[in-house]
Each structure stands twice: as structure tokens, then as C-alpha cells.
Amino acid sequence: MHLTSEQIDRQPFRMRRRGYDIVQVRNFLREIAAEMRSRQEVRERLAENGGDSAVAEDRAHSIITEAQAKADAIIAQAEARAGSVDALLTAEARAVEIVGSAEGLAAQMIEESEATARSRSDAVLAATQARLDQLLQEERTLDAKLREMRGEVDGPEQHAAVTDARDVTQADRVSDSSFAEFVKSTLRDEVHPD
């Protein structure tokens, strides 16, 4: 197949995603076409001057060999770049996978933290409720002891039930000072036994 420099220079190529760099290919083909034109001119001058056609053919062969070597180098370079693109695509896919995994792990950690917080909150609430129930029971017990003591001090008189600590203060105002002192000391002994 005999190619002219114009055919090489104007050869169309289809575009591909992972193909050769079209600009480099075009530039290389232009160099080859220019070199072929130059060699053609040399051949024509030699033919006009009666030069040996064997010398011209040998020179043309060396130029073609050199051009083939350049073409092979460009092809190798383009293939290396295509490998880099594959590596980049693989790295991007791996990055997406890592981000997805991290998001899943973060969601799981948040869910576990919320469950732990709910569990601790429920435990604190239960302990607080138990302590409140205990304090209410102690208040009832103290109220019963207070009524019993009033009965011992005042006699068989009926006293209103003490419902909370404020009633004890009112009872102190109503009772005489000795009764108040007696109740306070008894309560202190009950609440703070040494």
C-alpha cells in the first residue's frame, strides 16, 4: 500500500474513551507526513540529478524505520496512560466504597449510642423513682411515729395526719415548746442515727 503525505496528514480516526491521545497521534502523523514530503523531494532531486535510486530507497527505509519506532513509543505511552485511567477509576470506585462503609459504620455507632443513652436514662429514672418511693415510705413511717409520740405526750387526743414536712413545722407552732423539742430530737435521731 502506497500512502501519500496528504493521506497520512488527513487520516480520520474515531474517538474512543480509552484510546490514544488524539492530539499526539495527529501531531505524530503530521511529522511523518512532513518527513515523507521531505524524502519525496530528495528522491525527486536525486532523480533529476541522475542519483542512484538505491540510495534514495535506503534513506526512505531508514526514515520509515525511525517513524515506526516513534509510533511504537507513542503507542506504549498511550497504553500506559490508559492503565493510569484504569487505576484512577479503580481508586475512585474504592473511595466511594470506603465512604459508604464509613457512613454505615457512623450510622451504626449513632444508633448504638442512642440505645445506650436510652438505657442509661431508663436506669436513672428507675433508680430515682425507687428512691422517691423509699423517701415517701420513710415520710409515712415518720408521720406514724410522730402521731404515736403526740399520743404519748398529749394523751388520747386525735391529731391530724402529717402529710409532709411543712405540717411538722405547723405542728411545732401549735404545740408547746417542750413537745417541739421532743419531736425534733426524736426526728433527728431517726433521720441521722450516729
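**Exercise 1. Start from R147: is its side chain buried or exposed, or something in between? Then find its charged partner.**

Solution. R147 has a relative accessible area of 34%, which makes it partly exposed. Bear in mind that this is a predicted model, and every value here is computed from it.

Next, look for the partner. The side chain of R147 meets that of D143 in a salt bridge, with 2.9 Å from N to O. The cut-off for a salt bridge is 4 Å, and this pair falls within it. The two side chains also make a polar contact at 2.9 Å.

Now place the pair. Both D143 and R147 sit in helix α3, four residues apart, or about one turn of the helix. D143 has a relative accessible area of 8%, so it counts as buried. That gives you a buried acid paired with a partly exposed arginine.

**Exercise 2. Which residue forms a salt bridge with E35, and where do the two lie?**

Solution. Go to helix α2. E35 pairs with R39 there, and the closest N and O atoms are 2.4 Å apart. The spacing is four residues, about one turn of the helix.

Then check the cover. E35 is partly exposed at 29% relative accessible area, while R39 is buried at 13%. In this pair the base is the buried partner; in the D143 and R147 pair, the acid is.

**Exercise 3. What does the salt bridge between E31 and K70 tie together?**

Solution. First, the distance: the side chains of E31 and K70 meet at 3.9 Å, N to O. With the cut-off at 4 Å, this pair still qualifies as a salt bridge.

Second, the location. E31 belongs to helix α2 (residues 22-49) and K70 to helix α3 (residues 53-154), so the bridge ties together parts that are 39 residues apart in sequence.

Third, the exposure. Both ends are partly exposed: E31 has a relative accessible area of 44%, and K70 has 39%.

To round off the count, a search of the whole structure turns up four salt bridges. The pairs worked through so far are among them.

**Exercise 4. Which residues make up the largest nonpolar core, and which element gives the most to it?**

Solution. List the members: I8, V25, F28, L29, I32, A33, A67, A71 and I74, nine residues in all. Then sort them by element. Helices α2 and α3 each give two or more residues, and α2 gives the most, with five.

Cross-check with the buried residues of α2, which are V25, F28, L29, I32, A33 and R39. R39 is the one you have already met, in the salt bridge with E35.

For background, in soluble globular proteins nonpolar side chains tend to be buried together.

**Exercise 5. How many helices and strands are in the chain, and how far does α2 reach?**

Solution. Count the elements: five helices and zero strands. From the N terminus, they run α-α-α-α-α.

Now take α2. Its 28 residues reach 40 Å from first C-alpha to last, close to the 40 Å expected at 1.5 Å a residue.

Finish with the whole chain. Of its 194 residues, 16% are buried. The accessible surface is about 15,100 Å², and carbon and sulfur atoms account for 55% of that. Among contacts with a separation of 6 or more, 57% link residues 24 or more positions apart.

How values were computed:
Residues are numbered from 1 along each chain as its sequence is written. This is a predicted model: local features need pLDDT of at least 70, side-chain atom pairs count only at pLDDT 80 or more; totals for chains, interfaces and linings use all residues. Side-chain values use heavy atoms; hydrogens and water are left out. Buried means under 20% relative accessible area, exposed over 50%, partly exposed in between (1.4 Å probe, protein chains only). A polar contact is a pair of N or O atoms within 3.5 Å; within protein, one must be able to donate a hydrogen and the other to accept it, and residues adjacent in sequence count only if both atoms are side-chain atoms. The expected span of a helix is 1.5 Å times one less than its number of residues. Contact means heavy atoms within 4.5 Å. Accessible areas come from the Shrake-Rupley method with a 1.4 Å probe; for residues, only the protein chains shown count as cover. A nonpolar core is a set of buried Ala, Val, Leu, Ile, Met, Phe, Trp, Tyr and Cys residues joined through side-chain atoms within 4.5 Å.
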